[in-house]
Amino acid sequence: MRIYVTEDYNAMSRRVANILSAQVILKPDCVLGLATGSTPVGAYKQLVEWYKKGDLDFSQVRSINLDEYVGLAPTHDQSYRYFMQSNLFDHVNIVPANTNVPNGLAEDAAEECRRYNEVIHTLGPIDLQLLGMGHNGHIGFNEPSDVFELETHVVNLTETTIQANARFFASADEVPRQAMTMGIQTIMQAKKVLVAVSGKDKAEIVKKAFTGPVTPNVPASILQMHPDVILVGDKAALSLL
Ligand code: F6R
């Protein structure tokens, strides 16, 4: 595993954007596994800036997002599809049909997960998977559990995650209780994994995930077994490593 320690959130974002753009430049038709949340916002902003300067071309890139809330329309401002459109896709020349996010409004969420798995099998393996990490060690919406779930599946969100995400909704009551997420096996099959972390509040879980035992109770700990992981974090998030 390679670790890059940066001064602060902005420097972390630039480094993450450096690595994503290097992937796009080296393999213009690459498959990017993308994440939402607060961590990658700065990196996406940087990619948009470089695109506008003419330094990046997304016209052949395919993307597969990690997850989506069950029950939120793509136009809901807290849906992950909306997040991707507003933070990245609407501002670069990626082809809309080449972007993939589970459909939160699918009538049958389990069936939608099966469809998403097929998309992943057709496009994959993912060349570079970007991940953030939850305070409980979740990656995507793979919450602490007794087993590592393999492929895209429906999850019941834990109280910790609901509370953590409540900041984006009017109240915790409005946070959806279920989500669809890419499974751990799919994440582990990515050729390269890029984990981004920021802030002192992540320091404890970063230490647990990368130096503690590998266990489905800390889903991110499985990344210790991946042959090509890059961890980029600001010094606050990496302070306990
Ligand atoms: C988002 C995702 C989540 C987040 C994690 C960290 O697509 O899959 O696992 O990466 O919840 O979120 P932030 O970045 O908001 O701390």
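**A buried cysteine and a covered ligand**

Biologist: Is Cys30 buried or exposed?

Modeller: Cys30 has a relative accessible area of 0%. This is a predicted model, where local features need pLDDT of at least 70, side-chain atom pairs count only at pLDDT 80 or more, and totals for chains, interfaces and linings use all residues. Numbering runs from 1 along each chain as its sequence is written, and side-chain values use heavy atoms, leaving out hydrogens and water. Under 20% is buried, over 50% exposed, in between partly exposed (1.4 Å probe, protein chains only), so Cys30 is buried.

Biologist: How many disulfides turn up in the whole structure?

Modeller: We'd want a pair of cysteine sulfur atoms within 2.5 Å. Searching the whole structure gives a count of zero.

Biologist: Which residue puts a polar side-chain atom 2.5 Å from a ligand oxygen?

Modeller: Fourteen candidates would be a lot, but Thr39, Asp67, His138, Gly140 and Lys202 come nearest of the 14 residues around the ligand (a heavy atom within 4 Å). Gly140 uses a backbone N or O atom, at 2.7 Å, and Lys202 a side-chain N or O atom, also at 2.7 Å. The 2.5 Å one is Thr39.

Biologist: How much of the ligand's accessible area does the protein cover?

Modeller: On its own, the ligand has 410 Å² (Shrake-Rupley, 1.4 Å probe). The protein's share of that is 92%.

Technical notes. A polar contact is a pair of N or O atoms within 3.5 Å; within protein, one must be able to donate a hydrogen and the other to accept it, and residues adjacent in sequence count only if both atoms are side-chain atoms.
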